[in-house]
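Let's walk through this fold together, one question at a time. Have a look first.

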Amino acid sequence: MTSPPRTEGRPLESPPQLALSPGRRHAYWHAGVLLAVLLGGLYLARRHWPVLESGAGRLAGADQGWLLVGATAALGTWAASALAQQGAVLRRLPGSRLVAAQFAASAANHLLPAGLGAGAVNLRFLMRCGLPAGRSASALAVKATAGATVRLALIALLVPACPGLLRAPHPTPTTLAVALGGLVLLAALPVTPWWARCRRALTAVLADIRALHTCPARAAALWGGSLAFAALHSLVLIAVTRAVELPLPPLQVALLYLAASSAAALLPTPGGLGSLDAALALALTVSGAPGAAAASAVLGYRLLTVWLPLLPGLLVLGVLVRRKAL
């Protein structure tokens, strides 16, 4: 037998292999991400469709003017969130992309619990803007700290104006056990391997807060945006209660919203779905609102802040991912 001919000095050519170009791989990956977020949004809409249908029926006879006020306030929450996020970093961020990222983050927040969706979107956005991962995470922590501080300050200011509205609940054995467990975990934290990491993260956040307050414009944006965000969400609920003729003064509604949303933040549900609904309905009912009107107000608030913006927000998220803004 004779061996196959070889070309002297030239290696044998391997058979051609099919390979995707980097651009095509990125396109497929982006399309997959977009499809995943759209399917997630459709799944949530289908799962909660009875709530959407019931809310639409209850709000059909509501005052359209007040609902328009609530919708306008809901639109302003994303601008307020963008302002607070800009205030949490010293670097100038692209304004239009920043607002779009907040809109997308609000939609992603309803897919993952405990704010993980919004945190992931904002983290990727800040990193795309050139901030290191550690600095981006610190900026998110600064924004969250400012938001929590503003909420507590507003509650402290409104409590004297609404005496007797908020009453401490009677502690149950389960509540006491959970509180005791939390205290034990906090007391044991310094002896765990995570203590050094937590201390470094806290030190970085405090250093960023001090650096931001050396720039008055950034400090004003951080605190002003955080205040506007909480106030506009309160205004959404106030407008809806006016629309359904719920007999509660606006200051009381604002205080109930701030207290209920702060309590619901302790429960890791996607976007507060379920926990915030129950807390708001309970707070409004205990304060003297009729059950049907309280349920309609909560459904209207959710319609304006969650269900109507959900699909557009997911579409914006997909566009940002495809354009590598996230």
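Q: In what order do the elements of the protein chain run from the N terminus on?
A: This is a predicted model, where local features need pLDDT of at least 70, side-chain atom pairs count only at pLDDT 80 or more, and totals for chains, interfaces and linings use all residues. Residues are numbered from 1 along each chain as its sequence is written, and side-chain values use heavy atoms, with hydrogens and water left out. Helices (DSSP H or I runs of at least four residues) and strands (E, at least two) are numbered from the N terminus. The chain has twelve helices and zero strands, and the order is α-α-α-α-α-α-α-α-α-α-α-α.

Q: Which helix gives the most to the largest nonpolar core?
A: A nonpolar core is a set of buried (under 20% relative accessible area, 1.4 Å probe, protein chains only) Ala, Val, Leu, Ile, Met, Phe, Trp, Tyr and Cys residues joined through side-chain atoms within 4.5 Å. This one holds 39 residues, and L258 is among those touching the most other members. α3, α6, α9, α10, α11 and α12 each supply at least two residues. With eight residues, the top giver is α10.

Q: How many charged residues are in the contact of α10 with α11?
A: Contact means heavy atoms within 4.5 Å, and here α10 brings residues including L256 and Y257, while α11 brings L280 and L284 among others. Ala, Val, Leu, Ile, Met, Phe, Trp, Tyr, Cys and Pro count as nonpolar, Asp, Glu, Lys and Arg as charged, and the others, Gly among them, as polar. The split is nine nonpolar, two polar and, for charged, no residues.

Methods. Buried means under 20% relative accessible area, exposed over 50%, partly exposed in between (1.4 Å probe, protein chains only).
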